[in-house]
Amino acid sequence: MSRNDIKSKTVKLMLTIFMLIIGIIFLLPFIWMISASLKPELEVFVYPIQWIPSEWRWSNYVEVWSGDFPLYYWNSIKVTVMTTLISTVVSTMAAYGFSKIHFKGRHLIFILVLATFMIPAQAILVPQFMLYMYLDLFDTHLGLILLNSFSVLGTFMLRQFFMGIHDDYIASAKIDGAGHLTIFRKVAVPLVLPAISTYAILRFIWTWNDYQGPLIFLRSDHLSTVQIGISRFTSMSGEYYSLIMAGTVSAILPLLIIFFLGQKYVIEGIAMGGVKG
């Protein structure tokens with residue numbers, strides 16, 4: 001084995017060890033959160049930290065789920081799934097239209113759409129609130145779903161991937177008599193499916209973690225999402241951090257499931273981003 005090979009393997013080994021250490025550091029808060037959720041309250045802030053509880057308190061989760069938490073959980077699932085589905089479809093169709101359908105003013109309209117991304121969401125809260133009151137969408141899940149059903153960032157991201165599809169594919173499909181809807185469903189979407197899946201995962205995470213939207217556009221307690229529910233639960237639980245951590249662990253569980261199920265598509269989407277044509 002040559003000196004260069006030994007040096008290369010040594011560098012890779014050191015880099016692997018370094019990344020492992022960084023990964024463990026990033027995981028420590030999450031591990032502490034799980035540990036705290038299973039401890040008696042008096043052990044949560046014991047120093048030095050007891051990573052393994054002396055008594056496994058599964059009753060913390062039972063107490064959290066015995067109240068209104070299941071209702072908040074179901075509300076979040078319903079709103080997040082519907083928002084993700086609608087937003088993914090709308091952004092995908094808009095991205096295809098801006099990239100593969102040639103019409104007058106296409107680039108100007110796309111620039112105007114991008115320009116809206118520069119407007120802070122907080123700057124349009126009052127007009128949105130007034131519009132929702134006028135349309136009778138305030139304090140409804142439908143209004144909350146429509147609030148995030150269009151994403152400028154999603155349209156821009158997916159448009160870049162659609163532009164990577166060679167126009168010969170589209171031309172060949174047109175010669176065979178296919179219209180744009182057929183081309184969109186049977187040609188374009190399958191080619192950029194990893195990118196669409198990546199956006200759907202990101203949209204799910206963003207919507208699930210959204211706190212501002214439900215806080216402003218929902219008033220009824222039975223419509224609250226899990227983020228609002230945790231905030232109220234924290235106010236009611238006071239200093240019971242073991243219960244707060246149990247609720248927080250329960251709240252992030254769907255995000256972990258979605259990520260682990262979809263990480264393959266995220267990796268493929270990133271890989272597609274590095275390939276042109």
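**A colleague's note on helix packing, a cavity and a pocket**

1. Let me start with α3 and α10, whose axes come within 9 Å and cross at roughly 145°. α3 passes α10 in a right-handed crossing. On the α3 side, the contact is made by Y73, S76, I77, V79, T80, V81, T83, T84, S87, T88, S91 and T92. On the α10 side, the residues are I196, Y199, A200, R203, F204, T207 and W208. Sorted by class, this contact has nine nonpolar, nine polar and one charged residues. Please keep in mind throughout that the model is a predicted one.

2. Next, have a look at α3 with α9. Their axes come within 11 Å and cross at roughly 105°, which makes α3 roughly perpendicular to α9. From α3, the residues in contact are T92, M93, Y96 and K100, and they meet H180, I183, F184, A188 and V189 of α9. The classes here are six nonpolar, two polar and one charged. T92 is worth finding on screen, as it belongs to the contact of α3 with α10 and also to the contact of α3 with α9.

3. α9 (residues 180-191) has a contact with α8 (residues 167-175) as well: the two axes come within 10 Å and cross at roughly 125°. These two helices are therefore oblique to each other, and their crossing is right-handed. Y169, I170, A173 and K174 are the α8 residues involved, and H180, I183 and V187 are their partners in α9. By class, that gives five nonpolar, one polar and one charged residues. H180 and I183 take part in this contact, and both appear again in the contact of α3 with α9.

4. Now for the enclosed space. How many cavities of 30 Å³ or more are there? The count comes to one, and about 70 Å³ of space lies in the largest cavity. Its lining consists of S76, V79, T80, T83, L144, N148, T207, W208, D210, P214 and T225. By class, these are four nonpolar, six polar and one charged residues.

5. Which helix gives the most to that cavity lining? The answer is α3, with four residues. Both α3 (69-100) and α10 (193-208) supply at least two residues each. It is nice to tie this back to the first point: S76, V79, T80 and T83 of α3 and T207 and W208 of α10 are among the residues of the contact between these helices, and they also line the cavity.

6. Finally, the largest pocket holds about 810 Å³ of space. Of its 24 lining residues, A121, Q128, L147, N148 and F150 are the closest to the centre. N148 is thus a residue to note twice, since the cavity lining includes N148 too. At least two lining residues of the pocket come from each of α5 (125-134), α6 (141-147), α7 (152-163), α10 and α11 (212-217). The lining divides into 14 nonpolar, eight polar and two charged residues. α10 is a helix to follow through the model: α10 packs with α3, contributes to the cavity lining and contributes to the pocket lining.

How values were computed
Residues numbered from 1 in each chain as written. Predicted model: local features only at pLDDT ≥ 70, side-chain atom pairs only at ≥ 80, totals over all residues. Heavy atoms only, no water. Axes fitted to C-alpha atoms, helices over the stretch in contact; angles between N-to-C directions. Parallel < 35°, antiparallel > 145°, perpendicular 65-115°, else oblique. Left-handed = near helix turned anticlockwise from the far one by under 90°. Contact = heavy atoms within 4.5 Å. Nonpolar A, V, L, I, M, F, W, Y, C, P; charged D, E, K, R; others polar. 1 Å grid on protein atoms, 1.4 Å probe; cavity = no way out; pocket = protein on both sides within 12 Å on 5 of 7 lines; lining within 4 Å. Points joined across faces, edges and corners; volume = space filled by probe spheres on them.
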